[in-house]
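Grab a coffee and open your viewer. Below are some exercises, each with a worked solution to check yourself against.

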Amino acid sequence: MVWLNEKWRLWDQFAVRGAGFPAAGVLRLAPAGLAAAADQFDAGTRLYGQAWDVFDKQFAASAVETAVELQAIASSPGFRAAVEWQNSTIWRTGVESFLAWEPSVAGRTSKPRQREELVAQYWQRFCVKNDTIGFFGPVGWGRWDESVSGVEIEPGSGLVMASNVYFAGWAVDAVARTISADPRSLNWVAPRRVPFVRVADGLAYLPGRAPQEIPRELLRVLDQCDGVRTAQAIQQDLGPGVDVAAAVAELVRRRWVVWRLDIPASARPERYLRFWLAAVGDAELREHWLARLAELERGRDRVRAATSGDLPAELGALETGFTTLTGTAATRAKNTNTAPCRGLVYSDCVRAARTRLGTDMLADLAPLDLLLTSATWLTSRLADAVLSHARRVHTDLAATGPVDLAAFWFACMPILHGSAVTEAAALRHELSCRWSRILDAPADARRVRVSSVDIADRVRDAFGETVPGWGMARYLSPDVFVVTGDDAGMVLGELHVASNTLGASLFVNQHPARDELLAETEADFPGPRLLPMLPKEHRSRLSARIRYSLDRPEDYYVALVDHTVDPKRGRTVLSADVRVEARGDRLVAVLPDHAEFDVLDVFGHVLTTLAMDLFRIMPDADHSPRVTVDRLVVARESWSIPVGEMAFVAEKSEARRFVRGRRWRNALGLPRFVFVVSPEEPRPFYVDFDAPVYVNIFAKAVRRLERQDPAGRLLITEMLPTPEQAWLTDDAGNRYSAELRFVAVRAE
């Protein structure tokens with residue numbers, strides 16, 4: 001085992017999240033000498049005259065050269081395959097037209113420039129964003145190894161050693177709905193009680209409603225609706241004197257029972273569908289749909305085996321077959337309620353390179369203890385705030401009798417989605433204020449360097465020795481960058497609070513030995529856990545790819561609203577069958593087998609969603625310095641800038657916009673490479689102020705935000721490490737942007 005200190009254990013293994021195209025690729029879009037030529041026009045120089053005319057021509061020629069370079073990038077098989085995986089429509093409607101265009105100064109009209117920017121946007125994502133998806137973001141793995149010193153890389157052969165293609169869950173759900181449309185299928189579907197319906201003494205109890213009497217003829221059927229016995233099996237058990245189909249239909253009408261073919265959430269949902277079909281007693285129905293499913297699986301396999309040139313055709317064939325079968329569009333429309341995986345299939349790959357870290361590098365990570373201590377304070381305070389409200393809810397409910405978890409959960413919704421959100425934001429502000437007092441940085445500082453020894457007592461005084469607020473809050477997952485060159489050391493990217501990020505399906509399913517990750521989990525939690533059963537997906541926060549997948553047979557699942565695991569799985573309970581009882585200041589969930597768990601474990605996912613992105617040690621400010629503790633950069637330099645202070649973005653001339661943008665950047669002291677976060681953009685994007693195409697993208701983002709919110713602000717953060725400081729290599733010597741994703745667990 002690897003210990004940061006006596007309080008924190010680090011998992012022996014860590015993930016390496018890296019891009020799939022070399023980091024230096026983005027540098028191809030910064031024309032040599034253009035930035036220096038632009039800087040001759042300092043703030044006191046007017047942008048006209050002979051010198052300007054010379055520069056204007058140089059800029060125009062460089063713009064054409066950049067367009068040619070972007071075409072070379074876009075025409076590469078790897079780039080095309082990456083875009084096809086992301087959005088095949090974009091390739092057909094945007095990139096193909098760009099490739100058919102002949103770059104020239106006169107020909108760079110509005111539409112070609114938009115397509116240049118489209119390719120450049122994808123290119124920065126593929127080269128310097130550590131997205132974990134497909135071959136352009138393969139999952140890498142590494143281990144701590146006391147026999148090595150520093151960072152050692154075993155590059156393996158090529159970029160990717162294994163590739164997997166998965167059906168999106170929504171696509172298999174669409175097939176299941178199509179099967180369900182056949183009335184014969186319902187005989188082989190197991191009806192199940194709705195998780196929040198409690199049955200006792202011939203009454204049905206629903207949260208917030210008066211108990212309803214259950215007619216005797218329905219009660220006999222309801223008692224058997226366990227999600228395991230099919231309607232056909234129930235009919236055989238109860239005999240011909242009971243019309244089970246009619247009774248279940250009435251139970252569905254009363255919203256006490258669900259009777260539909262639901263596919264449990266998993267990375268391989270088609271396997272459950274195949275398993276269900278194999279058990280269907282109607283041979284014609286069974287064989288017909290097994291054959292249709294096999295067709296889709298063969299289409300997926302052809303996609304997996306396709307070369308980059310064949311990929312578009314195979315994806316198109318799969319989409320056509322799916323739409324013909326289900327009558328459903330093969331790509332989901334993008335909206336605020338759509339989780340990732342809009343296409344029928346997605347790809348996850350395993351990086352060929354393996355990384356080993358010497359335990360001597362633990363010294364560089366030692367300051368993490370101070371950060372983990374403050375993050376634990378945050379979860380403890382959040383748990384206390386939620387529990388204080390929840391106890392009042394329980395007291396009110398208990399005044400009228402025993403409290404079941406379903407009723408308690410629904411009564412707590414205003415807390416979890418109301419006051420808890422407000423309190424989480426206040427805690428985030430308080431955390432950064434306390435850190436600001438600890439660091440005591442001068443107002444105009446750009447670099448703050450402190451010793452962990454010097455601030456350790458201040459951290460303890462500010463945050464105390466609190467314990468994690470709920471079970472999964474024992475996990476804290478830091479993302480760390482290794483920096484080479486003049487700034488050699490390590491950089492904290494994000495600290496994910498109350499989350500084991502390596503438990504996500506996309507990591508677990510790309511690990512060569514899942515049992516090793518389960519063994520780490522067993523060391524963290526030797527006994528069973530109570531896990532909330534989660535919806536299949538919810539916007540960007542939940543999908544099949546990021547669903548927690550390190551559950552064990554001894555762990556319990558409790559269904560709160562929806563039922564998304566296999567009903568046949570042991571230790572799966574309905575919330576209505578769980579009691580909530582007071583134990584002094586605690587509230588516990590008492591399961592039907594009398595196992596007891598802290599009730600906050602049931603709220604764990606909601607609390608983690610509130611807490612996981614709260615950690616930021618610097619308070620909101622126009623400017624925040626880079627903060628280094630020992631050799632670990634714990635905060636990168638950043639700027640929060642109102643859109644109204646970037647007037648250069650309105651400049652119509654690209655050349656003048658580039659020059660004025662550089663003047664603005666130099667006046668603020670911004671580095672060449674930055675990442676930008678805009679409230680109007682789905683994710684941070686890279687900007688190189690030496691590259692006109694990225695200055696144009698930046699300007700467009702500012703204008704877009706200003707139209708939506710004239711008082712809006714952009715958050716700009718230095719890129720550290722920069723593209724030149726990339727350390728992860730392949731067998732050809734190419735260097736890639738990468739981060740190490742660790743898991744730290746608080747010792748009990």
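**Exercise 1. A small parallel sheet**

In which sense do strand 17 (residues 556–559) and strand 18 pair, and over how many bridges?

*Solution.* One thing before we start: you're looking at a predicted model.

- Step 1: line up the two strands. Strand 17 and strand 18 run parallel, and three bridges connect them.
- Step 2: pick out a bridge. V558 has V573 in strand 18 as its partner.
- Step 3: zoom out to the sheet. It is an open one with three strands in the order 16-17-18, and the pairing is parallel. Strand 16 (530–533) and strand 18 (572–574) form the edges, each pairing on one side only. Ignoring direction, neighbouring strands here are turned by 30° against each other on average.

**Exercise 2. A strand with two partners**

Take strand 3 (residues 13–18) and work out which strands it pairs with and how covered it is.

*Solution.*

- Step 1: find one partner. Strand 4 (residues 134–144) pairs with strand 3 in the antiparallel sense, using five bridges. Within this pairing, F14 sits opposite G142 of strand 4.
- Step 2: find another. Strand 31 (residues 738–741) also pairs antiparallel with strand 3, over four bridges. Here R17 has E739 in strand 31 as its bridge partner.
- Step 3: check the burial. Six of the six residues of strand 3 are buried.
- Step 4: split them by face. Q13, A15 and R17 lie on one side, F14, V16 and G18 on the other, and both sides are covered.

**Exercise 3. A hairpin and a parallel neighbour**

Describe the surroundings of strand 15 (residues 489–497), beginning with its hairpin.

*Solution.*

- Step 1: count the bridges. Strand 14 (residues 475–483) runs antiparallel to strand 15, and seven bridges join them. One of the bridge pairs is V483 with G489.
- Step 2: look at the turn. The hairpin has five residues between the strands, and G485 takes a positive phi near 85°.
- Step 3: look for another pairing. Strand 15 pairs with strand 24 (residues 632–635) in the parallel sense over two bridges, and M490 faces L632 there.
- Step 4: judge the enclosure. Seven of the nine residues in strand 15 are buried, so the rest of the structure largely encloses this strand.

**Exercise 4. Checking a helix**

How does the reach of helix 13 (residues 368–398) compare with its expected span, and why can we call the helix largely enclosed?

*Solution.*

- Step 1: compare the lengths. With 31 residues, helix 13 reaches 43 Å from first C-alpha to last, close to the 45 Å expected at 1.5 Å a residue.
- Step 2: count what's hidden. Because 22 of its 31 residues are buried, helix 13 is largely enclosed by the rest of the structure.

**Exercise 5. Buried or partly exposed?**

Sort Q224 and I153 by accessibility, then list their contacts beyond four places in sequence.

*Solution.*

- Step 1: classify Q224. The cut-off for buried is under 20% relative accessible area, so Q224, at 10%, counts as buried. This residue is in the loop between helix 6 (216–222) and helix 7 (231–238).
- Step 2: list the contacts of Q224. They are R229, I234, D237 and L238. The side chains of Q224 and R229 also make a polar contact of 3.2 Å.
- Step 3: classify I153. This residue of strand 5 (residues 151–154) has 23% relative accessibility and counts as partly exposed.
- Step 4: list the contacts of I153. They are A353, R354, W727, L728 and T729. I153 and T729 are 576 residues apart along the chain, with 7.4 Å between their C-alpha atoms.

**Exercise 6. Backbone oddities**

Hunt down the backbone features at D201, H594 and P721.

*Solution.*

- Step 1: recall the background. Most residues other than glycine have a negative phi, and most peptide bonds are trans.
- Step 2: check D201. Its phi is positive, about 55°, although it is not a glycine. D201 lies in the loop between strand 8 (198–200) and strand 9 (203–205) and is exposed at 77% relative accessibility.
- Step 3: check H594. This non-glycine has a positive phi of about 80°. H594 belongs to the loop between strand 20 (586–590) and strand 21 (596–598), and counts as exposed at 60% relative accessibility.
- Step 4: check P721. The peptide bond joining L720 and P721 is cis, with omega about 5°. P721 is placed in the loop between strand 28 (713–718) and strand 29 (728–729).

Technical notes. Residues numbered from 1 in each chain as written. Predicted model: local features only at pLDDT ≥ 70, side-chain atom pairs only at ≥ 80, totals over all residues. Heavy atoms only, no water. Buried < 20%, exposed > 50% of the residue type's maximum accessible area, 1.4 Å probe, protein only. Pairing = 2+ DSSP bridges. Expected span 1.5 Å × (residues − 1). Polar contact = N/O pair within 3.5 Å; in protein donor to acceptor, adjacent residues only side chain to side chain. Contact = heavy atoms within 4.5 Å. Axes fitted to C-alpha atoms, helices over the stretch in contact; angles between N-to-C directions.
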